[in-house]
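Trainee: I have a structure to read and would like to learn how to go about it. Where should I look?

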Amino acid sequence: MNPINHHPQRLLVTGGAGFIGANFAHYWLHHHPEQRVVVLDALTYAGNRSSLDGISDHPGFRFVHGDINHADLVEEVMREERIDTLVHFAAESHVDRSILGPDAFLQTNILGTHSLLKVARRLWLEQRITEHHRFHHVSTDEVYGSLTADDPPFSETTAYAPNSPYSASKAASDHLVRAYHHTYGLQVTTSNCSNNYGPYQFPEKLIPLVLLNILYAKPLPIYGDGSNIRDWLYVDDHVRGIERCIYRGSSGEVYNIGGENEWNNRDIVHLLCDELTALFAAEPTLAERFPDSPARSGEARELIRYVKDRPGHDQRYAIDARKSREVLGYAPAESFASGLRRTIRWYLDHEVWWQAVMDGSYQQWMATQYGVAASS
Ligand code: NAD
Ligand code: DAU
């Protein structure tokens with residue numbers, strides 16, 4: 001395993017009120033309580049201040065409401081906090097939204113990342129506000145394009161072939177991060193991860209969307225024939241992978257993180273129907289809380305609807321995580337069965353969170369996308 005290459009002390013976490021960023025902030029203050037965690041988030045539709053509730057009182061925590069494109073604000077916060085490590089999650093992250101409106105994706109994912117890089121270069125390389133620094137860029141396996149059933153999984157040397165405006169914008173940001181390392185000597189690491197699931201995920205993404213729709217007897221939309229494959233990873237395992245990259249990753253290197261856990265969408269939706277049915281049978285109070293749910297009578301699968309396919313829908317993603325395993329000593333801790341049960345339990349126990357995030361804009365999105373009102 002690589003030796004420790006960087007000792008983070010004071011972190012700026014962009015997008016820390018989103019799904020993975022919030023899980024990262026919770027994890028970090030739990031495991032590194034002596035360190036400083038400053039979250040910078042614009043609180044778009046996908047960002048929720050309440051996702052940080054459990055750590056808001058931690059003495060090492062600070063929340064800053066702001067956009068990564070606002071260089072003056074980023075510079076002020078980084079200088080004031082003497083930030084030595086920037087962990088960059090902030091992004092527009094939903095493929096379907098990028099198909100309907102790509103502009104915001106270019107603005108945040110490309111220009112926003114570049115704005116952060118410029119500030120980082122100024123403060124860390126020109127003004128030397130800290131002795132050591134690291135810019136960790138959180139990216140996605142989608143930059144590698146789509147695999148056929150027989151292709152080997154994506155490795156760090158797979159050629160980029162992004163297919164959606166979302167993945168194209170993430171690919172562009174990866175290239176900018178790389179260029180700032182090669183050209184200016186900025187200390188960077190990048191991780192490209194597969195599909196995450198777990199607490200605090202916005203219910204526009206497949207797993208929480210299906211879960212909540214089963215509870216409220218809403219249709220379960222499966223795009224195309226449901227044969228598309230994703231490699232699912234529990235969010236804390238992604239966070240652990242990023243932690244390894246920050247401490248043990250070598251500057252300029254890219255690390256793929258994944259679960260080696262491929263599932264097609266049809267099977268995932270069936271599994272969620274069956275898991276909830278079993279839970280309803282075991283816990284009678286669930287039928288009282290969700291009286292319309294067909295999980296009461298074992299008929300959740302009847303909600304499934306095969307709908308028009310996503311344009312340009314990538315067929316298969318899979319990650320070859322050999323480099324992370326061998327170089328960083330990384331391995332996921334959660335099995336899919338245990339991770340999914342934890343996730344379902346979290347959503348059942350946090351109805352207040354998801355009721356609050358399903359505001360007017362969410363209802364509007366669901367109506368545009370599926371022609372149905374969301375769970376409420
Ligand atoms: P998310 O959509 O849940 O959260 C994104 C967060 O970024 C939100 O809190 C939002 O308010 C914030 N944000 C958006 N634009 C901003 C801006 N201009 N300035 C400041 N904050 C802004 O996304 P996520 O699923 O948590 O993904 C986080 C990162 O991980 C993204 O970069 C994404 O590409 C990457 N990623 C996600 C997955 C996945 O499965 N979700 C997998 C691999 C990589
Ligand atoms: O692979 C990593 C990527 O995973 C991240 O970079 C993205 O930010 C993240 O959103 C996710 O992208 P996907 O497009 O794979 O995730 P999503 O949950 O939107 O869809 C998962 C699969 O399920 C995909 O094949 C499309 C399908 N799907 C999705 C929705 C929302 C459906 O069949 N029905 C749906 O309603």
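**Reading the model, feature by feature**

Mentor: Begin with a single residue: at 49% relative accessibility, Glu260 counts as partly exposed. Keep in mind throughout that this is a predicted model.

Trainee: Where is Glu260 found?

Mentor: Glu260 sits in the loop between β10 and β11. Its phi is positive, about 45 degrees, although Glu260 is not a glycine.

Trainee: Which other loop residue has a positive phi although it is not a glycine?

Mentor: Tyr200 has one, of about 70 degrees. Tyr200 lies in the loop between β7 and α6.

Trainee: Is Tyr200 buried or exposed?

Mentor: A residue counts as buried under 20% relative accessible area. Tyr200 has 15%, so it is buried.

Trainee: How do I read the cover of a whole helix, such as α6?

Mentor: Start with the general idea. An α-helix has 3.6 residues a turn, so residues three or four places apart point the same way. Then look at the case here: α6 covers residues 206–215, and 9 of its 10 residues are buried. Among the buried ones are Ile207, Pro208, Leu209 and Asn213.

Trainee: What comes just after α6?

Mentor: Ala217 does, and it takes a positive phi of about 55 degrees.

Trainee: How should I look at a residue inside a helix, such as His181?

Mentor: Ask which element holds the residue, how covered it is, and what its side chain contacts. His181 is found in helix α5. Its relative accessible area is 19%, so His181 is buried. A polar atom of its side chain lies 2.9 Å from the backbone oxygen of Leu186.

Trainee: And Thr113, in which helix is that found?

Mentor: Thr113 belongs to helix α4, residues 103–126. Its relative accessibility is 1%, so Thr113 counts as buried. You can also compare separation in sequence with separation in space: Thr113 and Trp232 are 119 residues apart in sequence and 26 Å apart from C-alpha to C-alpha.

Trainee: How do I read a strand, say β9?

Mentor: Look at its cover, then at its partners. Strand β9 spans residues 229–234 and is mostly covered, with 5 of its 6 residues buried.

Trainee: Which strands does β9 pair with, and in what sense?

Mentor: Strand β7, residues 195–197, pairs with β9 in the parallel sense over 3 bridges. In that pairing, Tyr197 stands opposite Tyr234 of β9. Strand β11, residues 262–264, runs antiparallel to β9 and is joined to it by 3 bridges. There, Asp231 stands opposite Glu262 in β11.

Trainee: Now the empty space. How many cavities of 30 Å³ or more does a search of the whole structure find?

Mentor: A cavity is closed to the probe, whereas a pocket is open. The search finds 1 cavity of that size. The largest cavity holds about 50 Å³ of space. Its lining includes Val95, Glu142, Arg230, Arg310 and His313. By class, the lining has 2 nonpolar, 3 polar and 4 charged residues.

Trainee: What is the volume of the second largest pocket?

Mentor: It is about 310 Å³. The elements giving two or more residues to its lining are α5 (165–184), β6 (188–193) and β10 (253–257). Helix α5 gives the most, with 6 residues. Of the 15 lining residues, Tyr160, Asp174, Arg178, Gly252 and Val254 lie nearest the centre of the pocket. By class, the lining divides into 5 nonpolar, 5 polar and 5 charged residues.

Trainee: How do I read the surroundings of a ligand, and which residues come nearest to ligand 1?

Mentor: List the neighbours, then pick out the polar contacts. Of the 28 residues around ligand 1, the nearest are Ile20, Asp41, Ser93, Tyr166 and Lys170. A polar side-chain atom of Asp67 lies 3.0 Å from a nitrogen atom of ligand 1. Backbone N or O atoms take part too: one of Thr44 lies 3.0 Å from an oxygen atom of the ligand, and one of Asn196 lies 2.9 Å from an oxygen atom of the ligand.

Trainee: How many residues surround ligand 2?

Mentor: There are 24, and the closest are Thr140, Asp141, Tyr166, Arg310 and His313. An N or O atom in the side chain of Arg310 is 2.6 Å from an oxygen atom of ligand 2. For a polar side-chain atom of Glu142, the distance to an oxygen atom of ligand 2 is 2.8 Å. For a side-chain N or O atom of Asn265, the distance to an oxygen atom of ligand 2 is 2.9 Å.

Definitions and conventions. Residues numbered from 1 in each chain as written. Chains lettered and ligands numbered in written order. Predicted model: local features only at pLDDT ≥ 70, side-chain atom pairs only at ≥ 80, totals over all residues. Heavy atoms only, no water. Buried < 20%, exposed > 50% of the residue type's maximum accessible area, 1.4 Å probe, protein only. Helix = DSSP H or I, 4+ residues; strand = E, 2+ residues; numbered from the N terminus. Pairing = 2+ DSSP bridges. 1 Å grid on protein atoms, 1.4 Å probe; cavity = no way out; pocket = protein on both sides within 12 Å on 5 of 7 lines; lining within 4 Å. Points joined across faces, edges and corners; volume = space filled by probe spheres on them. Nonpolar A, V, L, I, M, F, W, Y, C, P; charged D, E, K, R; others polar. Near = heavy atom within 4 Å. Polar contact = N/O pair within 3.5 Å; in protein donor to acceptor, adjacent residues only side chain to side chain.
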